[in-house]
Amino acid sequence: MTSSQALRRTPLHDRHVQMGARMVEFGGWEMPVQYSGIVDEHNAVRNAAGLFDISHMGEVEVKGKDALAFLQHIATYNVASIGEGHANYALLCQPAGGIVDDIFIYNLPDGYLVVVNASNTEKDFAWLLDNLAGFDVVLTNISDQASMLALQGPMAESILAHATDADVANLPFHCVMTAMLLDDIPGIVARTGYTGEDGFELFVDDDNAERLWDGLLALGKDDGLKPCGLGARDSLRFEPCLALYGHEIDEDINPYEAKLGWVVKLDKGDFVGSDALRRIKQEGVQRKLAGFEMVERGIARGGYDIRGVDGERIGYVTTGMPSPTLGKNLGLGYVPTALATEGSEFNVIVRDKPVRARVVKTPFYKPRYKK
Amino acid sequence: MAFKTPAELQYTRSHEWIRIEGEEATVGITDYAQDSLGDVVYVELPEVGASFEAGESFGAVESVKAASDLYMPVAGEVVTVNQTLVDKPEILNSDPYGEGWMIKISVAPGVGALMSAAAYEKYVDEIKH
């Protein structure tokens, strides 16, 4: 039996296999889910540092006279407030307000760089092209030439400082700079991440990915730097309640339901979806994302039903797992707005049995960004 | 990497092991299974007295990342449950064939699909490649 489409591989695929990583499919890519173990890697990032291959993510260059105007048109965030050398989180929305993707926009000297989710790269690029009319802009999908690594954790700064003469220690949160890494690898360094810890995301050409990976692991060894996979990436983003596309956000979910109203800057002017979002914000939402902890014994998982204490189905879990750092079984899910308040209780259906859960304050884990 | 597969036990395709002694048996999951799961954080076992058919799910085991059902190698009624395992699920990772036993059952008549240790080793080898 042959598969209709082989899984894509990053430039670091062979390195992951050599290092004994367990490989899985994600968004059409063959990626490492773990090396030493999800909990071990998770703890390494919280206490020391972890290195992630995130080359599967998509990168699109947006350049030209109307680059800013174009991005203002399609993104919910006020892109004009992202100065040169800065970056910010944003959403792409449908005209009706549903979320196409969550993205990061970087304002670099030679234009903008937009980073998108691996699972949405094709969709997003097509979306950008569909909305191009009337803008003097050149879009270049560089996903196939750009590699991305994430170096995250309290030791990330000192490890990276050993890898470059560039002043990364003083690079502020959500800022971005160019740097020569390991003497001769040109790269873009951003103080961004998806773990709730201080850290950096590094962009280099595919040809240099292996050398950078090896070099950073060697430099960080004595500080406890470990290679980390997608399993830890998920548990690390879950604790500070960062959204994952296909779970907390999707085409049928609007930013206000997802508690991402702060990423929608309605007063910047019109953009794709702004009419609908203005109306939704004004009317309020019927359901809302809530963070909860399991009161009775059981683990909530993405996709599990949520029922009111009276037995009626009222929502579903978007992500749930035992939290390695908090030591409790936690979850995120959509429930009726009235129940999305601290202290509310409902049941998560685990293998056909109701297990009591209670809404708690989010984020579960307070991010420790260097601000 | 070689997984432990004690020769005196029998195995299922869903990675349970069973030690049959007369009309009683002890059931657990294999070394390969605990390794695949990763750090086990939760084990759900049935009540004493519960009866199951061969191949029926009798419980579940969970790691950080995923939940997996446990399947009866043969039909039977639960006589004893390893409560220690429920309180300390990590024992499954460290000692799947000893302290990590899950349930003791009285074996009911009926067909179970069991493999010898050698057959199970070969089966795991095939899955890995």
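Student: How many residues does each chain bring to the contact?

Tutor: Chain A brings 12 residues and chain B nine residues, where contact means that the C-beta atoms of two residues, placed from the backbone, lie within 7 Å. This is a predicted model, in which local features need pLDDT of at least 70 and side-chain atom pairs count only at pLDDT 80 or more, while totals for chains, interfaces and linings use all residues. Residue numbers start from 1 along each chain as its sequence is written, and chains are lettered from A and ligands numbered from 1 in the order in which they are written.

Student: Which elements of chain A supply at least two residues each to the side that touches chain B?

Tutor: Helix 2 (38-47), helix 7 (230-238) and strand 16 (313-322) of chain A do. Helices (H or I, at least four residues) and strands (E, at least two) are DSSP runs, numbered from the N terminus. By class, that side of chain A has six nonpolar, four polar and two charged residues. Nonpolar covers Ala, Val, Leu, Ile, Met, Phe, Trp, Tyr, Cys and Pro, charged covers Asp, Glu, Lys and Arg, and the others, Gly among them, are polar.

Student: Why is helix 7 of chain A called largely enclosed?

Tutor: Eight of its nine residues are buried, so helix 7 of chain A is largely enclosed by the rest of the structure. A residue is buried if 20 or more other C-beta atoms, placed from the backbone, lie within 10 Å of its own, exposed if 12 or fewer, and partly exposed in between. The buried residues of helix 7 include Leu230(A), Arg233(A), Asp234(A) and Phe238(A).

Student: What covers these buried residues?

Tutor: The cover includes strand 1 (22-26), strand 2 (29-34), helix 2, strand 3 (49-53), strand 13 and strand 16 of chain A.

Student: What makes strand 10 and strand 13 of chain A edge strands?

Tutor: Strand 10 (176-181) and strand 13 (225-228) of chain A each pair on one side only, pairing being at least two DSSP bridges between two strands. Their open sheet has six strands in the order 10-11-12-9-3-13, with mixed pairing.

Student: How do you know that strand 10 and strand 11 of chain A pair?

Tutor: Six bridges join strand 10 of chain A to strand 11 (residues 185-190) of chain A, and the two run antiparallel. Ala179(A) has Gly187(A) as its bridge partner, and Met177(A) has Val189(A). The two strands form a hairpin with three residues between them, and Leu182(A) in the turn has a positive phi of about 50°.

Student: What makes chain B as compact as a globular protein of its length?

Tutor: Chain B has four helices and nine strands. Its radius of gyration is 14 Å and the globule rule gives 14 Å for 129 residues, so chain B is as compact as a globular protein of that length. The radius is taken over C-alpha atoms, and the rule is 2.2 Å times the number of residues to the power 0.38. The C-alpha atoms of chain B fill a box of roughly 35 × 30 × 20 Å along the principal axes, and buried residues make up 38% of the chain.

Student: Why is one side of strand 1 and of strand 5 of chain B left without a neighbour in the sheet?

Tutor: Strand 1 (10-11) and strand 5 (51-52) of chain B stand at the edges with a single partner strand each, so one side of each has no neighbour in the sheet. The open sheet has six strands in the order 1-2-3-9-8-5, with antiparallel pairing. Within it, strand 2 (residues 16-21) and strand 3 (residues 24-29) of chain B pair over six bridges, and Ile20(B) stands opposite Ala25(B).
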